[in-house]
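Visitor: Please take me through a single part of this model in close detail. I would like to see the sheet and what lies around it.

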Amino acid sequence: MTHTMLKGSNIPLDTTAVRAVLRWAPGADVPDVDASALLLADGRVRSDEDFVFYNQPRHPSGMVRHLPKKRVAEGLTDTIEADLGGLDAGVERVVLAASADGGPFGLVRDLTVLLYDASAAAAADPIAVFPVAAETGRETAMICGELYRRGETWKFRALGQGYESGLVGLATEFGISVDDGEPDGVAPPAPEQPAVTRQRPAPTAPPAQSPPAPEPSAVTQPTPRPPAEPPAAPAVPPGPGYSDGAWAPAAQPAGSGYGYPQVPPPPTAPPQPVPGYGYPQPTQPPQPAYGYPPHPAYGYPQQAQPVAPPLPDPSFTLPPQGPQFQKR
């Protein structure tokens with residue numbers, strides 16, 4: 001007959017060989033769960049050897065053992081097996097605990113303790129079934145139940161007590177020195193009592209080969225930036241004067257002249273090539289210079305400028321002439 005138990009309830013056991021199976025539904029975001037057992041005398045362990053878990057799977061007496069995990073149709077299982085009749089008389093309780101790796105128990109689905117008669121056939125129904133539920137969801141360690149003495153018999157009690165301090169906090173409460181590599185405020189182990197190292201066994205799968213180191217690539221030199229061009233000088237209208245041998249009046253801005261039409265500047269003559277030294281130079285046409293004769297070029301003959309004939313003086317009269325010039 002299978003007993004479906006509630007938190008705090010207990011049942012007597014008709015056998016001293018029991019197997020406590022911890023079962024849960026795995027998933028992508030579900031933490032892994034580990035089962036463990038603590039053998040207590042007067043409420044505390046006698047040494048660290050009374051803590052049975054995956055890194056210390058067998059008690060020195062051989063009466064309490066941690067079995068490997070298995071995958072079943074309902075999920076994953078982790079198992080503690082105990083021969084209660086062969087335990088030392090000083091052991092009063094065997095605490096069945098669980099710890100979550102990778103998150104709190106609030107993320108673990110369908111966590112259940114199934115208690116079997118270890119001497120019965122493997123297909124026998126469990127003695128008791130206890131669905132374990134986290135109270136706050138932040139617990140990372142749980143006391144699922146306990147096997148305890150009552151006179152000459154043993155009983156099983158369903159507990160479901162959670163610890164947010166994890167397996168370290170649970171174990172140190174019962175006198176275990178746990179070195180978890182975390183600054184939890186756990187007291188260091190006593191010199192005469194070795195600490196239990198909280199490490200998982202190495203995986204059985206072969207380690208993945210590391211990829212080959214990438215070949216060093218050629219260093220790409222940065223392309224030099226072109227020098228910045230100097231800013232262009234502001235445009236200044238030229239004043240009057242000679243430019244390429246031609247007279248150029250001062251540039252007048254648009255709209256000036258006080259109402260007089262503006263005379264467009266004469267077209268600029270194309271630049272003349274500069275001959276080399278020793279070659280004859282082409283003569284330049286004379287340019288007017290506002291009433292002044294052109295300035296002679298140094299060393300070159302100048303072309304004569306035409307002179308306008310003087311106008312006759314209207315007050316001019318001829319002097320008296322001889323008879324040969326008079327009219328008859």
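Guide: Here is the sheet, followed by the helix and the confidence scores.

This is a predicted model, where local features need pLDDT of at least 70 and side-chain atom pairs count only at pLDDT 80 or more, while totals for chains, interfaces and linings use all residues. Residues are numbered from 1 along each chain as its sequence is written, and side-chain values use heavy atoms, with hydrogens and water left out.

Six strands (DSSP runs of E, at least two residues, numbered from the N terminus) make an open sheet. Their order is 1-10-9-3-7-6, with mixed pairing. Two strands count as paired if DSSP finds at least two bridges between them. Strand 1 (3-4) and strand 6 (64-72) are at the edges. Each has a single partner strand, so one side of each lacks a neighbour in the sheet.

Now one pair within that order. Strand 9 (residues 109-117) runs antiparallel to strand 10 (residues 128-131), with four bridges. T112 has P131 of strand 10 as its bridge partner.

Next, helix 1 (residues 166-173); helices are DSSP runs of H or I, at least four residues. Six of its eight residues are buried, meaning under 20% relative accessible area with a 1.4 Å probe, protein chains only. They are G166, L167, V168, G169, L170 and A171. Just after helix 1, G175 has a positive phi of about 95°.

Last, confidence. The chain's average pLDDT (the predictor's confidence in each residue, from 0 to 100) is 76. Of the residues, 59% score at least 70. Residues 214-223 stay under 50. Where pLDDT is low, predicted coordinates should not be read in detail.

How values were computed
Buried means under 20% relative accessible area, exposed over 50%, partly exposed in between (1.4 Å probe, protein chains only). Contact means heavy atoms within 4.5 Å.
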